[in-house]
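Dear colleague,

Here is the structure you were to receive, with the sequence alongside. My notes on what was found in it follow below.

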Amino acid sequence: MTKKQLALAIIERLKEEYPQSGCSLEYDQAWKLLVSVRLAAQCTDARVNVVVEGLYEKYPDLNALADAPVEEIERIVRPCGLGNSKARDISACMKMLRDEYEGRVPDTMEELLKLPGVGRKSANLVMGDVYGKPAIVTDTHCIRLVNRMGLVNGIKEPGKVEKELWKIIPPEEGNDFCHRLVDHGRAICTARTKPYCDKCCLQDICKKKM
């Protein structure tokens, strides 16, 4: 079985196992997803979802958040860790969206990467979830699982993993595939305990390399 064939088989089985997979960060506007994904660095999505409630209660729209003192943003988001750098990035990002993009989150990788605090992972999440464009989000679950399954070989750098996956994942499947990897990584192919291979829908095709 080639890597492309293996990828297609994994995609189909994960579709059956996790038909409702989606982003676990809660948002109802594109700019809120940018805020949440920045806060999610080294923090759980569940905690982010709680913290942003307080942030939006005080600053309910993009303009309000752009005008907010960085110190006040930091006070609210501190439970997510790295409060100072995250607050600075969020403030600068909201100001840029307001001043240069008329409050609209751009829909191209090139433009998204210009925003403070936005890397390829964040940009891909916005591209896929907000705009329905081809996207591959190489978060920690994705990197760990695709190496273990044998879709990539010992590659840990997110950009390189993304590049390799584009070769074998159909563009229209990438975004949902990455969401399903998160669900599978949390439920079965866990990092903090021994993976539950006996319960895994991929047991007979996974390479179990790591």
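**Burial, fold and salt bridges**

Of the 210 residues in the protein chain, 49% are buried. Please keep in mind that this is a predicted model.

The protein chain contains eleven helices and zero strands, so the pattern read along the sequence is simply α-α-α-α-α-α-α-α-α-α-α. Its radius of gyration is 18 Å, close to the 17 Å that the globule rule gives for 210 residues, so the chain is as compact as a globular protein of that length. Along the principal axes, the C-alpha atoms fill a box of roughly 55 × 35 × 30 Å. Of the contacts between residues at least 6 apart in sequence, 61% join residues at least 24 apart.

On the surface, the accessible area of the protein chain is about 10,500 Å², and carbon and sulfur atoms account for 50% of it. There are 33 positive and 31 negative side chains, and the centres of these two sets lie 8 Å apart.

Helix α8 spans residues 120–130, and its buried residues are S122, A123, N124, L125, V126, M127 and G128. What covers them includes α2 (30–39), α7 (109–112), α10 (158–166) and α11 (174–187). Just after α8, G132 has a positive phi of about 65°.

Now the charged pairs. Side chains of opposite charge can pair when their charged atoms come close. The whole structure holds 15 salt bridges, among them the following:

- K58 and E72 meet through their side chains at 2.8 Å, N to O. This pair links distant parts of the chain, with K58 in helix α3 (residues 45–58) and E72 in helix α5 (residues 70–77), 14 residues apart. K58 is partly exposed, at a relative accessible area of 45%, whereas E72 is buried, at 17%.
- R104 and D107 form a salt bridge at 3.8 Å, N to O. R104 is partly exposed, with a relative accessible area of 45%, and D107 is partly exposed as well, at 22%.
- K167 pairs with E164, and their closest N and O atoms are 2.9 Å apart. K167 is partly exposed, with a relative accessible area of 49%, and E164 counts as partly exposed at 26%.
- E12, K15 and E173 are linked in a network of salt bridges.

Which of E72 and D107 is buried, and which is partly exposed? Buried means under 20% relative accessible area, so E72 at 17% is buried and D107 at 22% is partly exposed.

Regards

Note on methods:
Residues numbered from 1 in each chain as written. Predicted model: local features only at pLDDT ≥ 70, side-chain atom pairs only at ≥ 80, totals over all residues. Heavy atoms only, no water. Helix = DSSP H or I, 4+ residues; strand = E, 2+ residues; numbered from the N terminus. Rg over C-alpha atoms; globule rule 2.2 N^0.38 Å. Buried < 20%, exposed > 50% of the residue type's maximum accessible area, 1.4 Å probe, protein only. Contact = heavy atoms within 4.5 Å. Areas by Shrake-Rupley, 256 points an atom, 1.4 Å probe, with all protein chains shown as cover. Lys, Arg positive; Asp, Glu negative; His and termini not counted. Charge placed at Lys NZ, Arg CZ, Asp CG, Glu CD. Salt bridge = Lys/Arg side-chain N within 4 Å of Asp/Glu carboxyl O.
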